Amino acid sequence: MNRRTVLIILLSGFMVFTGGCISRIAKEGLGGVTGGKGSFAVLQPVSATLGVYERFELTQLADDMNGMAPSELFSALPGEFAKALDEEKIPNASSGRTLLIQGKILHYENASMSGHAFGPLEEVVARIELVDKDAGKVIGVANCVGRTKESVNTGVSKKTEGLARAIVKWIKEHYPEDQRTK
């Protein structure tokens with residue numbers, strides 16, 4: 001075999017064996033920029049358009065984990081929620097017809113040591129209700145999940161960011177695009 005062939009074989013073998021490491025490095029780098037992720041699962045579909053609401057009021061979520069959810073989550077969530085609304089261009093006036101966002105934390109999880117080695121998974125799960133404040137009527141229910149999958153995103157603040165994004169993602173799905181701010 002000539003020198004070039006040996007070099008190509010060695011380089012190909014190196015790429016095959018380190019492919020997972022390289023993709024993890026790329027994922028970690030991207031995760032540092034994107035932050036916590038949010039998703040939701042609808043339990044009771046939203047019964048009305050949310051375009052009629054001018055104000056979105058996040059109430060203090062209940063801790064359904066007997067105090068195991070960290071207090072930092074509860075104190076940081078309102079700020080992260082306001083930031084997520086702003087990122088999605090959903091206006092939030094200081095007065096007007098109000099949609100209450102209320103609920104409880106169902107599950108809170110930190111990554112284990114083995115989780116950090118193989119790609120951490122941390123999450124917070126909340127059952128969220130959207131309630132018309134004037135009528136006192138629940139118009140939708142979903143489980144919202146704040147999740148982190150990269151080592152650079154571990155911790156309470158990133159899971160809180162993901163939970164806020166999940167709630168706002170659900171609201172955005174029912175908020176008319178033509179009413180969003182530019």
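The protein has 4 helices and 6 strands, where helices (H or I, at least four residues) and strands (E, at least two) are DSSP runs numbered from the N terminus. Along the sequence, these elements follow the pattern α-β-β-β-α-β-α-β-β-α. This is a predicted model, in which local features need pLDDT of at least 70 and side-chain atom pairs count only at pLDDT 80 or more, while totals for chains, interfaces and linings use all residues. Residues are numbered from 1 along each chain as its sequence is written, and side-chain values use heavy atoms, with hydrogens and water left out.

**Overall picture**

- Of the 182 residues, 37% count as buried; buried means under 20% relative accessible area, exposed means over 50%, and partly exposed lies in between (1.4 Å probe, protein chains only).
- Among contacts (heavy atoms within 4.5 Å) with a separation of 6 or more, 77% come from residues 24 or more positions apart.

**Helix H2 against helix H4**

- Helix H2 (residues 71–87) packs on helix H4 (residues 156–173) at an angle of about 45°, and their axes are 8 Å apart.
- That angle makes H2 oblique to H4, because angles under 35 degrees count as roughly parallel, over 145 as roughly antiparallel, 65 to 115 as roughly perpendicular and the rest as oblique.
- For these values, axes are lines fitted to C-alpha atoms, for helices over the stretch in contact, and angles run from 0 to 180 degrees between N-to-C directions.
- The crossing of H2 and H4 is right-handed, the term for a near helix turned clockwise from the far one by less than a right angle (anticlockwise would be left-handed).
- From H2, the contact includes Leu73, Ala76, Leu77, Phe81 and Leu85, and from H4 the residues include Val156, Leu163, Ala164, Ile167, Val168 and Ile171.
- The residues of this contact divide into 12 nonpolar, 2 polar and 6 charged; Ala, Val, Leu, Ile, Met, Phe, Trp, Tyr, Cys and Pro count as nonpolar, Asp, Glu, Lys and Arg as charged, and the others, Gly among them, as polar.

**Salt bridges**

- Side chains of opposite charge can pair when their charged atoms come close.
- The structure holds 10 salt bridges, each defined as a side-chain nitrogen of Lys or Arg within 4 Å of a carboxyl oxygen of Asp or Glu.
- Arg55, Glu57 and Lys133 are linked in a network of salt bridges.
- Within that network, arginine 55 meets glutamate 57 at 3.8 Å, N to O, and lysine 133 meets glutamate 57 at 3.2 Å, N to O.
- Lysine 133 lies in the loop between strand E5 (122–132) and strand E6 (137–148) and glutamate 57 in strand E2 (residues 55–58), so their pairing ties together parts that are 76 residues apart in sequence.
- Three partly exposed residues make up the network: arginine 55 at 25%, glutamate 57 at 22% and lysine 133 at 42% relative accessibility.
- Another salt bridge joins aspartate 64 and lysine 104, with the closest N and O atoms 4.0 Å apart.
- Aspartate 64 sits in the loop between strand E3 (62–63) and H2 and lysine 104 in strand E4 (residues 98–109), so this pair ties together parts that are 40 residues apart in sequence.
- Aspartate 64 is partly exposed at 45%, as is lysine 104 at 32% relative accessibility.

**Around glutamate 129**

- Glutamate 129 is found in strand E5 and is partly exposed, with 27% relative accessibility.
- Not counting residues up to four places away in sequence, glutamate 129 touches Leu100, Ile101, Gln102, Val138, Gly140 and Val141.
- Glutamate 129 and valine 46 are 83 residues apart along the chain, and their C-alpha atoms are separated by 9.7 Å.
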